[in-house]
Amino acid sequence: MHVIGTAGHVDHGKSTLVEALTGIDPDRLKEEIEREMTIDLGFAWLKPGEGREEVGIVDVPGHQDFIENMLAGVGGIDLALLVVAADEGVMPQTKEHLAILDILEIRGGVVALTKIDLVEDPEWIELVTLDVLDSLSGTCLADSPIIPVSARTGQGLAELQQTLLPLLEGTQPRPDMGRPRLPIDRVFTLTGFGTIVTGTLIGGRFTLGESVELQPSGRKSRIRGLQTHQSERQTTFPGSRVAVNLTGIGRSDVSRGDVVAAPGVVSSTILCDTTYRQLPDASSALKHNEQVKLFIGSAEVMARTRVLGMKQIQPGQSGWLQLALSQKTPMVRGDRFVLRRPPPAMTLGGRKILDSHPRRTTVDSGLK
Ligand SMILES: Nc1nc2c(ncn2[C@@H]2O[C@H](COP(=O)(O)OP(=O)(O)O)[C@@H](O)[C@H]2O)c(=O)[nH]1
Ligand SMILES: [Mg+2]
């Protein structure tokens, strides 16, 4: 199974496009409906029929104030659906989302050049397309198909779907390593059921009745109910959206950023060694002892940097970092992460966890 994630600037038509493709309105909060703006993650799924697998969709907010919610949802996606409004073209969060997808090494995607019904001038469309191509170049979305669409008239929707599905089918499924873990992006309760958590499952399968563990709390639980795309399952597979009904866990025992996993699969840490790349258009270098926000899985946590083996990491430069976290955070070697600067917030860079339990004294001789 696969999951795609939307990306792109606020008001460019992401949620409307998801609804046009799936019949499901991803904006579910009262405040979102009132403000006509996505604030938190939304979820929907494509039902392509004809023996094809359903495809999960995570719809993210485009507004810069809610990028941190976006970051909680994009971790597990296979492909991105980058939405650029044809009348406005590439905007700041088009670029910031693209940079985040690139840091997370998302394996590719499709660009929907949407609201095409609002643009009559073919030269303008050509200009916007060139601008999009320019922004994509050198990123994980370089050479992605660009498809003009309109959620209003339906133009291009069939072509978009016909492009997305074969691309997805050509994307390696998430490996089943028998080490299932679910970074939790939503928690809610249902009368008569208790606590339910959702996320994109990676590393292995979940089976009804199985014992699980929450991290970082270490609480034990059991899977009382399992769903994908709102239908009951005995087993759920890596790379799919999953809702888990947990026994013996109260609403306040678990939150976004926690992980539910088979016992022993994930541990939590307050120190990690990483590879790191500072974004080329970051406004300054990343320094020692800087306070940053770490985004990993669906979690966010304050951290301090220790640059290893060099003084600082310049924009566009790669290096090694040790991160000292303000609280225990679940992670596994190889996980991708993003760093942001605390307010005034901006995305700084990121890459990959090398060691989630380093000895404090390694490599860095300059700082104690
Ligand atoms: N004319 C036109 N308007 C659109 C289209 N897609 C979305 N819109 C409108 O653009 C606004 C923003 O759309 P929304 O999906 O909320 O954008 P998001 O912030 O990217 O999720 C809404 O008023 C939509 O009705 C389209 O294809 N054509
Ligand atoms: Mg939206």
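In the predicted model, an oxygen atom of ligand 1 lies 3.2 Å from a polar backbone atom of His12. A polar backbone atom of Ser15 is likewise found 2.9 Å from an oxygen atom of the ligand. A side chain also takes part: an N or O atom in the side chain of Lys115 is placed 3.0 Å from an oxygen atom of ligand 1. Altogether, 16 residues surround ligand 1. The closest of these are Asp11, Lys14, Thr16, Asp117 and Ala151.

Two of the residues named above recur in the surroundings of Thr114. This residue belongs to strand 5, which spans residues 109-114. Thr114 counts as buried because its relative accessibility is 2%, and the limit for a buried residue is under 20%. When neighbours within four places in sequence are set aside, the contacts of Thr114 include His12 and Ala151. Of these two, His12 has a polar backbone atom 3.2 Å from an oxygen atom of ligand 1, while Ala151 is among the residues closest to the ligand. The other contacts of Thr114 are with Gly13, with Val83, Val84, Ala85 and Ala86, and with Val149 and Ser150.

The analysis of pockets began with the largest, for which a volume of about 820 Å³ was computed. Its lining comprises 40 residues, and those closest to the centre of the pocket are Gly75, Arg174, Arg181, Ile202 and Asp335. Two or more lining residues come from each of helix 3 (67-74), strand 7 (181-190), strand 18 (291-296), strand 21 (318-331) and strand 22 (336-341). Among these elements, helix 3 makes the greatest contribution, with 4 residues. By class, the lining of the largest pocket consists of 21 nonpolar, 9 polar and 10 charged residues.

The second largest pocket has a computed volume of about 640 Å³. It is lined by 29 residues, of which Lys95, Glu96, Ala99, Leu279 and Asp281 are the closest to its centre. The elements supplying two or more residues to this lining are helix 4 (92-103), helix 5 (122-136), strand 16 (267-278) and strand 23 (346-355). Helix 4 gives the most, with 8 residues. The lining of the second largest pocket divides into 9 nonpolar, 9 polar and 11 charged residues.

How values were computed
Residues numbered from 1 in each chain as written. Chains lettered and ligands numbered in written order. Predicted model: local features only at pLDDT ≥ 70, side-chain atom pairs only at ≥ 80, totals over all residues. Heavy atoms only, no water. Buried < 20%, exposed > 50% of the residue type's maximum accessible area, 1.4 Å probe, protein only. Contact = heavy atoms within 4.5 Å. 1 Å grid on protein atoms, 1.4 Å probe; cavity = no way out; pocket = protein on both sides within 12 Å on 5 of 7 lines; lining within 4 Å. Points joined across faces, edges and corners; volume = space filled by probe spheres on them. Nonpolar A, V, L, I, M, F, W, Y, C, P; charged D, E, K, R; others polar. Near = heavy atom within 4 Å. Polar contact = N/O pair within 3.5 Å; in protein donor to acceptor, adjacent residues only side chain to side chain.
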